[in-house]
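Colleague: I am new to this structure and would be grateful for a guided discussion. Please show me the sequence and the model before we begin.

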Amino acid sequence: MLKGFKDFLMRGNVVDLAVAVVIGSAFTAIVTAFTNNLINPLIAAVGGAEVGGLGFHVIAGNPATFVDFGAVITAALNFLIIAAVVYFILVAPMNKLKEIQAARKGVKEDEETPASVEAELLEEIRDLLKARNV
């Protein structure tokens, strides 16, 4: 049972996932600080001077009923920034590394896979039927 657990932990996918979670958590703090201190003030400026952001109050004078579009825009920007950084810093280089390793091993992506035995037999039957009908 412990051997199976060890094999599970040592698989590449689990280790890659753990690294991605740690890096994502650390990077989230940077992106949150960026949006809270740079983006949110710009979005709030669009909302006007007497409003706490880009949004409106459903019930006037009740701050609990404030519909905050700025927070939604900020969350979307956070997601886009994190997704772009993860893609360009982690995913794209790993894909390139896999291509380089595959090229070193002599594996080509464009090579056609050989036809299966069934496909070859079906082609022979088709050709024999064509010859018989002619």
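**Questions on the predicted model**

Colleague: Which pattern does the protein follow when read along the sequence?
Modeller: This is a predicted model. The protein holds 4 helices and 2 strands. Read along the sequence, these elements follow the pattern α-α-β-β-α-α.

Colleague: Which element of the protein has the highest mean pLDDT?
Modeller: The average pLDDT of the protein is 77, and 82% of the residues score at least 70. Among the elements, helix α1 (residues 2-10) has the lowest mean, 73. The highest mean, 87, belongs to helix α4 (residues 117-133).

Colleague: What percentage of the residues of the protein count as buried?
Modeller: The accessible surface comes to about 11100 Å², and 68% of that surface belongs to carbon and sulfur atoms. A residue counts as buried when its relative accessible area is under 20%. Of the 134 residues of the protein, the share that counts as buried is 8%.

Colleague: Is Thr35 buried or exposed?
Modeller: Thr35 has its place in helix α2 (residues 12-47). Leaving out residues up to four places away in sequence, Thr35 touches Asn40, Pro41, Thr74 and Asn78. Because its relative accessibility is 0%, Thr35 counts as buried.

Colleague: What distance separates the C-alpha atoms of Thr35 and Thr74?
Modeller: Thr74 lies in helix α3 and, at 6% relative accessibility, counts as buried. Apart from its neighbours within four places in sequence, Thr74 is in contact with Thr35, Asn40 and Ile43. Thr35 and Thr74 are 39 residues apart along the chain, and their C-alpha atoms are separated by 6.4 Å.

Colleague: Which residues does Asn78 touch, not counting residues up to four places away in sequence?
Modeller: Asn78 also has its place in helix α3. With a relative accessible area of 15%, Asn78 is under the 20% limit and is therefore buried. Once residues up to four places away in sequence are set aside, Asn78 touches Val31, Thr32 and Thr35.

Colleague: What percentage of contacts between residues at least 6 apart in sequence join residues at least 24 apart?
Modeller: One pair to consider is Thr35 and Thr74, which are in contact and lie 39 residues apart along the chain. Among contacts in the protein between residues at least 6 apart in sequence, the share joining residues at least 24 apart is 35%.

Colleague: How far apart do the end C-alpha atoms of residues 69-90 lie?
Modeller: The UniProt annotation "transmembrane region", from an unreviewed entry, covers residues 12-34 and 69-90. In the model, the span 69-90 is 100% helix and 0% strand. Its end C-alpha atoms lie apart by 31 Å.

Colleague: What separation do the C-alpha atoms of His57 and Asp68 have?
Modeller: His57 has its place in strand β1 and is partly exposed, with a relative accessible area of 38%. Leaving out residues up to four places away in sequence, His57 touches Asn62, Pro63, Thr65 and Phe66. His57 and Asp68 are 11 residues apart along the chain, and the separation of their C-alpha atoms is 8.7 Å.

Colleague: Which residues make the nonpolar surface patch of about 460 Å²?
Modeller: One member is Ile59, found in the loop between β1 (55-57) and β2 (66-68). Because its relative accessibility is 47%, Ile59 counts as partly exposed, and membership of a patch requires over 30%. The residues that make the patch are Phe56, Val58, Ile59, Phe69 and Ile73.

Colleague: Which residue forms a salt bridge with Glu99?
Modeller: Side chains of opposite charge can pair when their charged atoms come close. Glu99 is partly exposed, with a relative accessible area of 42%. Its partner lies 3 residues apart from it in helix α3 (residues 69-105), about one turn of the helix. The closest N and O atoms of the pair are 4.0 Å apart, and the partner is Lys96.

Colleague: How far apart are the closest N and O atoms in the salt bridge of Asp127 with Arg126?
Modeller: The structure holds 2 salt bridges. Asp127 counts as partly exposed at 40% relative accessibility, and Arg126 is partly exposed with a relative accessible area of 43%. In their salt bridge, the distance between the closest N and O atoms is 3.3 Å.

Key. Residues are numbered from 1 along each chain as its sequence is written. This is a predicted model: local features need pLDDT of at least 70, side-chain atom pairs count only at pLDDT 80 or more; totals for chains, interfaces and linings use all residues. Side-chain values use heavy atoms; hydrogens and water are left out. Patches are made of residues with over 30% relative accessible area and no salt bridge: like charges are joined within 9 Å, nonpolar side chains (Val, Leu, Ile, Met, Phe, Trp, Tyr) within 5 Å. Accessible areas come from the Shrake-Rupley method with a 1.4 Å probe; for residues, only the protein chains shown count as cover. A salt bridge is a side-chain nitrogen of Lys or Arg within 4 Å of a carboxyl oxygen of Asp or Glu. Buried means under 20% relative accessible area, exposed over 50%, partly exposed in between (1.4 Å probe, protein chains only). UniProt positions are given in the numbering used here, feature names are shortened, and annotations may be inferred rather than shown by experiment. Contact means heavy atoms within 4.5 Å. pLDDT is the predictor's confidence in each residue, from 0 to 100.
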